Amino acid sequence: MTDLFDKLKMEAGPLAKYSHMADQYFTFPKLEGEIGPHMTFNGKMMLNWSLNNYLGLANHPEVRKVDAESAAQYGLGSPMGARMMSGNSVHHMELERQLAEFEHKEDAMLLNFGYQGVVSIIDAIVDRKDVIVYDAESHACIIDGVRLHMGKRFVFAHNDMESLEKQLQRATKLVNETGGGILVITEGVFGMSGRQGDLKGVVALKDKYKFRLFVDDAHGFGTMGKTGAGTGEEQGVQDQIDLYFSTFAKAMASIGAFVAGDKRIITYLRYTMRSQIYAKSLPMPLVIGALKRLELLRNKPELREKLWQIVTAMQTGLIERGFNIGMTSSPVTPILFKGGVGEAANMAMDLRENYNIFCSVVIYPVVPKDVIMFRIIPTAAHSMEDVERTLNVFAALKEKLDNGYYRKEELLAVTKSL
Ligand SMILES: Cc1ncc(COP(=O)(O)O)c(C=O)c1O
């Protein structure tokens with residue numbers, strides 16, 4: 001028998017074991033000042049590429065004004081109670097109406113958080129007779145929702161339609177015995193690689209197999225498609241997505257989320273989803289703030305055009321300079337290098353300390369052991385000068401990496417002593 005907490009102290013876990021050297025630098029860094037492309041980190045102004053503030057709405061003057069006014073009018077307490085009991089309002093209902101209209105769905109339902117919303121949607125819509133078939137690189141919220149499922153789950157190789165079809169065959173066989181149904185889950189845009197989920201490919205399989213499709217479009221909402229309605233719109237299959245989900249944490253630069261679909265299914269979710277029934281309603285300032293953000297997202301296409309101008313300049317600039325940016329087809333821009341964890345840490349430090357650029361660095365276990373990934377998130381608030389400067393800096397970093405600079409003993413020692 002062990003003391004539970006002694007065990008936790010001994011086995012800190014894959015990330016926490018680095019906490020003594022990474023805390024507040026690589027993990028939990030504090031970015032300070034007005035949200036935007038230039039923020040302070042460790043007392044220094046940095047060119048910042050690490051926020052999913054795709055349309056630049058976080059610091060948009062109209063958004064800031066509405067956020068402040070609605071907070072002053074309602075406070076953060078209003079409305080009190082869960083939606084079903086006492087926490088409903090005309091603003092909540094209006095936001096749902098507008099989100100449904102924007103997504104070309106019959107109805108929509110607000111969620112307090114994206115992560116817990118996805119977990120709870122999955123929990124609500126399947127029972128032990130049903131089978132879930134999901135993409136291998138799904139976000140943690142999908143994985144955790146699937147973990148709650150009492151029935152069978154089959155995973156298909158990332159974005160691989162042959163693999164999906166194989167799993168659908170297995171699933172079909174099973175539900176023919178149990179009398180259940182099949183739920184396929186994937187993402188619109190995968191947030192690490194920037195690759196779009198092959199929604200068109202998934203939907204094409206609906207001709208041969210009977211299943212319902214749930215798409216998490218956290219990174220596609222507001223950034224993809226002609227009107228910004230997301231990856232379903234981008235690929236021309238929005239009407240074939242049975243449940244469309246997005247968080248407000250990215251293009252909407254706020255907190256909250258929603259799910260949209262057929263009226264009867266959304267009504268079912270309203271009366272069934274445990275994370276919403278047993279939790280307080282989304283605060284009024286967040287709802288009124290989301291209405292303002294949605295208005296700008298819909299009525300100011302120039303924000304999305306500017307985002308894509310920056311994305312295109314950054315991605316073509318990187319490709320022209322010989323960088324590997326993987327398979328992105330969205331604003332998310334990974335830059336992939338070969339190297340170990342020590343080199344990754346040294347590169348990131350060099351980038352921050354000597355070039356004043358801040359972006360996320362991703363290492364094993366998120367990427368394979370010998371891969372270093374920097375993840376650039378372009379936004380509508382960045383400028384072409386920001387892009388040019390960053391391209392030049394990454395060219396300098398690559399040269400140093402190729403010359404073995406980041407493997408130097410003294411550099412590795414500095415990283416270790418952080
Ligand atoms: C794909 C995806 N789904 C869901 C979420 C969770 O959303 P939230 O931050 O609203 O909990 C995120 C991250 O924010 C995400 O990237």
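**Exercise 1. Decide from its C-beta neighbours whether Gly75 is buried or exposed, and place Gly75 in the chain.**

Gly75 has 11 other C-beta atoms within 10 Å and is therefore exposed, given that a residue counts as buried if 20 or more other C-beta atoms lie within 10 Å of its own, as exposed if 12 or fewer do, and as partly exposed in between, with C-beta atoms placed from the backbone. The model is a predicted one, in which local features need pLDDT of at least 70 and side-chain atom pairs count only at pLDDT 80 or more, while totals for chains, interfaces and linings use all residues. Residues are numbered from 1 along each chain as its sequence is written.

Gly75 belongs to the loop between helix H3 (61–74) and H4, where helices (H or I, at least four residues) and strands (E, at least two) are DSSP runs numbered from the N terminus. Although Gly75 and Pro285 are 210 residues apart in sequence, their C-alpha atoms are 7.3 Å apart in space. The loop between H3 and H4 also holds Pro79, and the peptide bond from Ser78 to Pro79 is cis, with omega near -10°.

**Exercise 2. Test the length of helix H4 against its expected span, and find what its buried residues pack against.**

The expected span of a helix is 1.5 Å times one less than its number of residues. For the 13 residues of H4 (residues 90–102) this gives 18 Å, and because the end C-alpha atoms are 18 Å apart, expectation and model agree.

The next step concerns the buried side of the helix: His91, His92, Leu95, Leu99, Ala100 and Phe102 are the buried residues of H4. They pack against strand S4 (107–111), strand S10 (257–261) and helix H12 (284–299), with contact meaning that the C-beta atoms of two residues, placed from the backbone, lie within 7 Å. After H4 comes His104, which has a positive phi near 55°.

**Exercise 3. Work out where the largest nonpolar core lies with respect to the two domains.**

The chain is divided into domain 1 (7–54 + 301–415) and domain 2 (60–299), with bounds that come from an automatic or database domain assignment. The largest nonpolar core, a set of buried Ala, Val, Leu, Ile, Met, Phe, Trp, Tyr and Cys residues joined through C-beta atoms within 7 Å, has 109 residues, and those with the most contacts inside it are Ile121, Val133, Leu183, Phe258 and Val259. Both domain 1 and domain 2 give residues to this core, so it lies between them.

Val133 can be examined further: leaving aside its neighbours within four places in sequence, Val133 is in contact with Phe154, Phe156, Leu164, Gln167, Leu168, Ala171, Ile182 and Val184.

**Exercise 4. Describe the contact between the domains, beginning with the separation of their centres.**

Taken over C-alpha atoms, the centres of domain 1 and domain 2 are separated by 29 Å. In the contact itself, 18 residues of domain 1 meet 18 residues of domain 2. On the side of domain 1 that touches domain 2, helix H13 (301–320) and strand S11 (333–338) are the elements that give two or more residues, and H13 gives the most, with three.

This side of domain 1 divides into nine nonpolar, seven polar and two charged residues, where Ala, Val, Leu, Ile, Met, Phe, Trp, Tyr, Cys and Pro count as nonpolar, Asp, Glu, Lys and Arg as charged, and the others, Gly among them, as polar.

**Exercise 5. Characterise the shell of residues around the ligand.**

The ligand is surrounded by 13 residues, of which the closest are Gly114, Tyr115, Ala218, Thr247 and Ala249; a residue is near a molecule if its C-beta atom, placed from the backbone, lies within 6 Å of it. Helix H5 (residues 114–125) gives the most to this shell, with three residues. By class, the shell divides into seven nonpolar, four polar and two charged residues.

**Exercise 6. Set the positive phi values of Phe28 and Asn159 beside the burial of these residues.**

Phe28, in the loop between helix H2 (19–22) and strand S1 (31–32), has phi near 50°, a positive value in a residue other than glycine. Phe28 is exposed, with 9 other C-beta atoms within 10 Å.

Asn159, in the loop between strand S6 (152–156) and helix H7 (161–178), has phi near 60°, which is positive as well. Asn159, however, is buried, with 21 other C-beta atoms within 10 Å.
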